[in-house]
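Me: Please take a close look at one part of this structure, the second largest cavity. What lines the second largest cavity, and how much space lies in it?

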Amino acid sequence: MASNTITTLNYFHPPSDGSRPYTDIYAPSGKPVHNWIEDPHEVQIEDVRGKEELYKLDNAGFQYGREAPKHTSFLNDDEIEREYYPESIDLMKRVTGATKIVIFDHTVRRRLPGETDSGPEKRQPVPRAHVDQTPAASVARVHRHLPPTEVPSLLSKRFQIINLWRPISHAAVDWPLALCDFRSVDFKKDLLPVALIYPDREGETFGAKYNPNHQWKYLKAMTPEEFVLIKCSESIEDGSVARLGPHTAFQDPNTPEGALPRESIELRALVFYD
């Protein structure tokens, strides 16, 4: 039975002084970590369990599926890269029809109540509506992770960035993941480019700005045997397919007391087609 929920989601609002929005993860003492304004809004999130098939990468910007991973510990980065990456590439190729997939990183999140997201061992669910890359940042990722001789040919055909997200250890009842149907997003008005500043380079993400038309979805109590593919970038820009899927973790007020803190993994992949 579907179980819709009403909760508060955190959107992005541009800096009041008109300056370029940024997030500086390693900001020195005294400098703000970000200059954009957090903009909370109450929204309804629809549980799509039982009708997952309605939501595809090319219409909604995300797609649910079920396939248990062979790798199940997710405790060691080397093991994840050695064991989970290859099976995930195979899964993503079968679902998308892509011919080449390059996973360029992953994040394991284990929620620790009261903990801040202060390092790779303490990555927490992200409670802000966002998209991981802008189109410019997506192209930069291809240049960063692939040989220069291959890049022109790969970028001359269809190219995407897709995340593969799934719970680990137990169902994600606590702080589940919400996804915004691209058909309810105004691409030109609802997405705020935010510079992501690292010590040695700069990336760029989209922060989602509030729009009352947004249609948020989730799959209640996703299990480790279930996954969702999230489109972060798409080279087809003619309006025929979804270009991305804004997403955010959220606190579900209906979470039962004593629910285990959320644990999840997301892979980020460059996806190419012939």
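Reply: A cavity here is a set of grid points where a 1.4 Å probe fits but cannot get out, computed over the protein atoms alone. A volume is the space filled by probe spheres set on those points. The model is predicted.

In the second largest cavity, that space comes to about 40 Å³. Its lining is made up of Q133, T134, P135, S138, F187, C232, S233, E234, R243 and L244. Two elements give two or more residues each to this lining: helix α2 (135-145) and strand β12 (226-234). Of these, β12 gives the most, with three residues. By residue class, the lining of the second largest cavity divides into four nonpolar, four polar and two charged residues.

For context, the search of the whole structure finds three cavities of 30 Å³ or more. The largest cavity holds about 50 Å³ of space. The residues that line the largest cavity are E67, A68, P69, K70, Y84, E87, S88, L91 and R166. Helix α1 (residues 77-96) supplies the largest share of that lining, four residues. The lining of the largest cavity has four nonpolar residues, one polar and four charged.

To return to the part you asked about, the second largest cavity has about 40 Å³ of space, and strand β12 is the element that gives the most to its lining.

Key:
Residues are numbered from 1 along each chain as its sequence is written. This is a predicted model: local features need pLDDT of at least 70, side-chain atom pairs count only at pLDDT 80 or more; totals for chains, interfaces and linings use all residues. Side-chain values use heavy atoms; hydrogens and water are left out. On a 1 Å grid over the protein atoms alone, a cavity is a set of points where a 1.4 Å probe fits but cannot get out, and a pocket is an open set with protein on both sides within 12 Å along at least five of seven lines; lining residues have an atom within 4 Å of a point. Ala, Val, Leu, Ile, Met, Phe, Trp, Tyr, Cys and Pro count as nonpolar, Asp, Glu, Lys and Arg as charged, and the others, Gly among them, as polar.
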